[in-house]
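Have the viewer open and a little time to spare? Let us walk through this chain together, one region after another.

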Amino acid sequence: MMNTNVTNFRKNIYNVLENTIRYNEPVTICTKNGNAVIMSEDDYRGIMETLYLTSDPQMKKKLIDGMNTPVSECLSESEVQW
């Protein structure tokens, strides 16, 4: 994660934002009153989707079960029916 102060962020806002979007690297901006984090929209949407899915106890259990399933017990991609 990149760290910068608000002065440097102001000077380099375009490049900082472009790098955040291109490389999905969050940026912490430090100020006297506290810090803020900037992240790409893709990362933000991913976090929000994860929060949504894990807020449902049944879905959370399915996700955990899936993570604990050995790859050898999973279907191959060609066997999945979409």
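The paragraphs below go from the strands to a loop, then to the helices, the surface and a few distances.

Please keep in mind from the start that this is a predicted model. A good place to begin is the pairing of strands. Strand β1 covers residues 2-5 and strand β2 covers residues 27-31; the two run parallel and are joined by 4 bridges. One pair you can pick out is Met-2, whose bridge partner in β2 is Val-27. On to the next strand: β3, residues 34-38, is antiparallel to β2, and 5 bridges join these two. Val-27 turns up again here, with Ile-38 as its bridge partner in β3. Val-27 of β2 is thus a handy residue to select, having Met-2 as one bridge partner and Ile-38 in β3 as another.

How many residues lie between β2 and β3 in their hairpin? There are 2 residues between them. Close to this turn in your sequence view you will find Thr-31, which stands opposite Gly-34 in β3. Gly-34 is partly exposed, because its relative accessible area of 31% falls between the 20% that bounds buried residues and the 50% that bounds exposed ones. Cys-30, a residue of strand β2, has that same figure of 31% relative accessibility and also counts as partly exposed. When you look along these strands, a general rule may help: in a regular strand the side chains alternate between the two faces of the sheet.

Now step back to the loop between α2 (13-23) and β2, where Asn-24 has its place. If you like backbone torsions, this residue deserves a click: the phi of Asn-24 is near 50°, a positive value in a residue other than glycine. Most residues other than glycine have a negative phi. As for its surroundings, Asn-24 is partly exposed, with a relative accessible area of 35%.

The helices come next, and with them the salt bridges. How many salt bridges does a search of the whole structure find? It finds 2. One joins Glu-41 and Arg-45, with the closest N and O atoms 2.7 Å apart. Both residues belong to helix α3, and because they are 4 residues apart there, about one helical turn separates them. Arg-45 counts as exposed, since its relative accessibility is 53%. The other salt bridge links the side chains of Asp-65 and Lys-61 at 2.8 Å, N to O. Asp-65 and Lys-61 lie in helix α4, again 4 residues apart, or about one turn of the helix. Here Lys-61 is exposed, with a relative accessible area of 52%, whereas Asp-65 is partly exposed at 37%.

Helix α4 itself invites a quick geometric check. At 1.5 Å a residue, its 12 residues, 57-68, should span 16 Å, and the end C-alpha atoms are 17 Å apart, so the two figures agree. The N-terminal end of α4 is capped by Asp-56, which has a side-chain oxygen 3.0 Å from the backbone nitrogen of Gln-58. Is α4 well covered or hardly covered? It is hardly covered: among its 12 residues, the count of buried ones is 0.

Color the surface by residue type and look for a nonpolar patch of about 670 Å². Its members are Met-1, Val-37, Met-39, Tyr-44, Ile-47, Met-48 and Leu-51. Which element gives the largest share of this patch? That is helix α3, residues 41-54, which contributes 4 residues. Leu-51 lies in this helix, while Met-1 is found in the segment before β1. Met-1 counts as exposed, because its relative accessibility is 58% and the bound for exposed residues is 50%.

To finish, try some C-alpha to C-alpha distances. Met-1 and Tyr-14 are 13 residues apart along the chain, and their C-alpha atoms are separated by 17 Å. From Gly-34 to Gly-66 there are 32 residues in sequence and 39 Å in space. Cys-30 and Pro-70 are 40 residues apart in sequence, with 43 Å between their C-alpha atoms.

Definitions and conventions. Residues are numbered from 1 along each chain as its sequence is written. This is a predicted model: local features need pLDDT of at least 70, side-chain atom pairs count only at pLDDT 80 or more; totals for chains, interfaces and linings use all residues. Side-chain values use heavy atoms; hydrogens and water are left out. Patches are made of residues with over 30% relative accessible area and no salt bridge: like charges are joined within 9 Å, nonpolar side chains (Val, Leu, Ile, Met, Phe, Trp, Tyr) within 5 Å. Accessible areas come from the Shrake-Rupley method with a 1.4 Å probe; for residues, only the protein chains shown count as cover. A salt bridge is a side-chain nitrogen of Lys or Arg within 4 Å of a carboxyl oxygen of Asp or Glu. The expected span of a helix is 1.5 Å times one less than its number of residues. Buried means under 20% relative accessible area, exposed over 50%, partly exposed in between (1.4 Å probe, protein chains only). A polar contact is a pair of N or O atoms within 3.5 Å; within protein, one must be able to donate a hydrogen and the other to accept it, and residues adjacent in sequence count only if both atoms are side-chain atoms. Two strands pair if DSSP finds at least two bridges between them.
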